[in-house]
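Hi there,

Here is the structure I promised to pass on. Could you have a look at it when you have a moment? My notes on its salt bridges follow below.

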Amino acid sequence: AISPEDLMIVLSYGSEAEISDMVKKAKIKFVNEHHHRSITQLTKGAKAGRWKTYVGTGATTKEVQRATKEELYDWLYAYYSEQQTTFACVFEMLMVYKLTALNRKPKTIEDDRCNYHRFIPSSFSAKRIDTINKDDVATLIRNAVITLRPTPEALKRMKQIISQTFDYALDHDLCTSNPAARIDLSCYYKDCNLTRKADEDKAFSDRELELLSGYAYKRSTNPHALMMLLSAETGMRSAELAALKWEDIEDNYIHIHRQQLYENGLDGGTRRITYVDYNKNERIFPDDGRRFPITPKITAILKMARLLGPGEMMFHDKGKREVSKDSYEQYLARACTALGISTTNNHAYRMALNSRLIAMGLPSTDRALLLGHDAATNERFYTLTDRRRLDNISQIMHQYALEAGVNDCEHRGADNSAIA
């Protein structure tokens, strides 16, 4: 390998012709590695003797002609050099790096790409990354906020993708700074989508749970309906339900320790189902999942699931094929719509179960243990304060006020008699 010292010697003592020849050969090698179309010389017509090739793909394909082969190579070198350092190209390099070097899951890459295409327009993607400054990034973010109205969380993901791309470029000497690092997102939050779902829209009410259970029991030969029933009793995530095996049923507990995921290849190829031996909250540090007590209701649901027929997976169709989490979520959404229930996601079962566990008197640490997250998450995101609880709160307050009022009256009466 040529050391920096060797290169300095060549530049200092090599002749101009020798250095020029080295540069020429390096450019030709660079073009041949990036340009995969044929380069041909015209032999007929008024342009005979000129050299041509094509660049781009699909609708962007265009013909390029130059008088000599060397001029054409010079043009192609400039073209691919610029392409290699556009923001879009560096982002794709980052995706490859995340997948191959950082061991990120294909699902992570897919999510990054979706967010990228949602927020980053082609005009920004086409810019050379070393020419982008803080004003460019600020304008990009402002335009996204005004036109797309993302939530603050989505805006944070947008900035994260931009900043990660610049950091990768910095590490590979493709730019000299990360202008996104100096952007203060708090300036934009006021124009984000700040609407929040009311807590009663996050969890199924008792009445809605009754309707859904009735709907599912009538269709108990359908694995999706049984997944609804088990979700109501355990608060399992849809990916956990779809990954449940009969071997996970212990004497007194369901061992919940895997989930179903989708994987796309780096090239965005065919989407396929895969399974991992950890839950959502254990992605970084797998810890054998969690266990949920088998209640009499759960026992009845498991007996109905046995009637689906033999198979490794608890929930499968007649052909013993696995049930996907997507198909279950679609089934649940259709059931909710048919019953006139506005909340249509499986997470509403988890939220509703947490509320029932509160009513049972279980502390947040125990509820978190059953649902598979930490106590702080339970208190922040799962403990509801919706209007459905106000009636109960109102009764408690009125009863307290009534008793306090009686005591106060008795006390005042005693005081008055003493005065009299």
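R258 is buried, with a relative accessible area of 7%, in this predicted model. What does R258 pair with? One partner is D248, with the closest N and O atoms 2.5 Å apart. R258 sits in the loop between strand 4 (253-256) and strand 5 (259-263), while D248 belongs to the loop between helix 11 (238-242) and strand 4, so this salt bridge ties together parts that are 10 residues apart in sequence. D248 is buried, as is R258.

R258 also forms a salt bridge with D277, where the closest N and O atoms are 3.6 Å apart. D277 lies in the loop between strand 6 (272-276) and strand 7, so here the parts tied together are 19 residues apart in sequence. Is D277 buried or exposed? D277 counts as exposed because its relative accessibility is 57%, and the cut-off for exposed is over 50%.

These pairs belong to a wider picture: a network of salt bridges links E247, D248, R258 and D277.

Another one you may like is the salt bridge between the side chains of E250 and R291, at 3.0 Å from N to O. This pair links distant parts of the chain, with E250 in the loop between helix 11 and strand 4 and R291 in strand 7 (residues 290-293), 41 residues apart. E250 is partly exposed at 29% relative accessible area, and R291 is partly exposed too, at 34%.

How many salt bridges does the structure hold? The count is 18.

Best wishes

Notes. Residues numbered from 1 in each chain as written. Predicted model: local features only at pLDDT ≥ 70, side-chain atom pairs only at ≥ 80, totals over all residues. Heavy atoms only, no water. Salt bridge = Lys/Arg side-chain N within 4 Å of Asp/Glu carboxyl O. Helix = DSSP H or I, 4+ residues; strand = E, 2+ residues; numbered from the N terminus. Buried < 20%, exposed > 50% of the residue type's maximum accessible area, 1.4 Å probe, protein only.
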